[in-house]
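This briefing is for a reader meeting the structure for the first time. It goes through the aromatic residues, the nonpolar cores, the sheet and one loop.

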Amino acid sequence: KRWSNSWPARQWCTCAAEVSGVKVDDKATVDGQELVLNGAGMRTRLFIKVYVGALYVPQKTNNIQGVIGRNQPRRMALALQRDVSADQLLEAVRAGLAENNSQADLNTIKPQLDQFVAVFKLVGEAKAGQMVVLDYPPAEGTRIALDGAVKGTIAGEAFNKALFSVWL
């Protein structure tokens, strides 16, 4: 499979990696800033392929502070490998948030978490072959898109740090 047209803001695939047959672009752009692929991998659950995730940042780094320690643009792109309901995705994100953030931090961002839940409930089911993109332009907040269509934006650096910690 070539995901060249699915990766936002790209017309062709200058692929830096291939994960389980999914070719991943080497660069992405968030609000005019070029980002580089920092890493990509397959998320499985009980041996079932769920998505290929790709993290883009301004400069490659090998530590979490290099990704979320700075208030800078970043992107997490998820190429879905199976149909996923909003409830399934939210369950996985909630578990990841709980594993990677303190309860005090989660309490602080509860309004943003509620907004995140509402956005995904409106989306409903995402199908295999679709692309979920979480962009973070610092001036806006976390922008959620499905196949290039923005579904919602959630303000706040603290929310974005907590969310991106799920994958880091």
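Phe120 is buried, with a relative accessible area of 6%. The model in which it sits is a predicted one. Phe116, at 3% relative accessibility, is buried as well. Both residues belong to helix H4, where four residues, about one turn of the helix, separate them.

**Aromatic residues**

- The structure has three aromatic pairs.
- One of them is formed by Phe116 and Phe120, whose ring centres are 4.8 Å apart and whose planes make an angle of 55°, a tilted arrangement.
- Phe159 joins Phe116 and Phe120 in one aromatic cluster.
- The pair of Phe164 and Trp167 is edge-to-face, because the planes of the rings stand at 80°, and over 60 degrees counts as edge-to-face. The centres of these two rings lie 6.2 Å apart.
- Phe164 has 0% relative accessibility and therefore counts as buried. Trp167 has 22%, so this residue counts as partly exposed; the cut-off for buried is under 20%.
- The ring of Phe164 also has the charged end of Arg74 over it, at 5.7 Å from the ring centre.

**Nonpolar cores**

- In soluble globular proteins, nonpolar side chains tend to be buried together.
- The largest nonpolar core has 32 residues, and the members that touch the most others are Phe116, Phe120, Ile144 and Phe159.
- Elements that each supply at least two residues to this core include strand S5, helix H1 (64-68), strand S6 (74-80), helix H2 (86-100) and helix H5 (157-164). H4, S7 and S8 are also among them.
- Leaving out residues up to four places away in sequence, Ile144 touches Phe116, Val119 and Phe120, as well as Val133, Leu134, Ala149, Val150, Lys151, Gly152 and Ile154.
- Another core, of 14 residues, lies apart from the largest one, and its members include Val19, Val24, Leu35 and Ala77.

**The sheet as a whole**

- Seven strands form an open sheet in the order S3-S4-S5-S6-S7-S8-S9, and their pairing is antiparallel.
- Strand S3 (27-30) and strand S9 (149-154) are the edges, each pairing on one side only.
- From one strand to the next, the twist averages 25°.
- Helix H4 (residues 110-123) lies across strand S7 (131-136), strand S8 (142-146) and S9, and runs at about 165° to S9.

**Strands S4, S5 and S6**

- Strand S4 (residues 33-45) and strand S5 (residues 48-57) run antiparallel and are joined by nine bridges.
- Among the bridge partners, Leu37 is matched with Tyr56 in S5, and Val36 with Val57 in S5.
- The hairpin of S4 and S5 has two residues between the strands, and Leu46 there takes a positive phi near 50°.
- S5 also pairs with S6, in the antiparallel sense, over six bridges. One of the partnerships links Gly53 to Leu78 in S6.
- S5 is mostly covered, with eight of its 10 residues buried.

**Strands S7, S8 and S9**

- Why is S8 described as largely enclosed by the rest of the structure? Five of its five residues are buried, so the description follows from the burial of the strand.
- From S8, Thr142, Ile144 and Leu146 point one way, while Arg143 and Ala145 point the other way; all are buried.
- S7 and S8 run antiparallel and are joined by four bridges. Val133 has Ala145 in S8 as its bridge partner.
- Five residues lie between S7 and S8 in their hairpin, and Gly141 in the turn has a positive phi of about 120°.
- S8 and S9 pair in the antiparallel sense over five bridges. Here Ala145 has Val150 in S9 as its bridge partner.
- The hairpin of S8 and S9 has two residues between the strands, and Asp147 in the turn has a positive phi of about 50°.

**The loop after S5**

- Pro58 is in the loop between S5 and H1.
- Apart from its neighbours within four places in sequence, Pro58 contacts Gln33, Glu34, Leu35, Val36, Gln72 and Pro73.
- Pro58 and Val84 are 26 residues apart along the chain, and 30 Å separates their C-alpha atoms.

Note on methods
Residues are numbered from 1 along each chain as its sequence is written. This is a predicted model: local features need pLDDT of at least 70, side-chain atom pairs count only at pLDDT 80 or more; totals for chains, interfaces and linings use all residues. Side-chain values use heavy atoms; hydrogens and water are left out. Two strands pair if DSSP finds at least two bridges between them. Axes are lines fitted to C-alpha atoms, for helices over the stretch in contact, and angles run from 0 to 180 degrees between N-to-C directions. Contact means heavy atoms within 4.5 Å. Rings of Phe, Tyr and Trp (its six-membered ring) pair if their centres lie within 6.5 Å; planes under 30 degrees apart count as stacked, over 60 as edge-to-face and the rest as tilted. Buried means under 20% relative accessible area, exposed over 50%, partly exposed in between (1.4 Å probe, protein chains only). A charge sits over a ring if NZ of Lys or CZ of Arg is within 6 Å of the ring centre and within 35 degrees of the ring normal. A nonpolar core is a set of buried Ala, Val, Leu, Ile, Met, Phe, Trp, Tyr and Cys residues joined through side-chain atoms within 4.5 Å.
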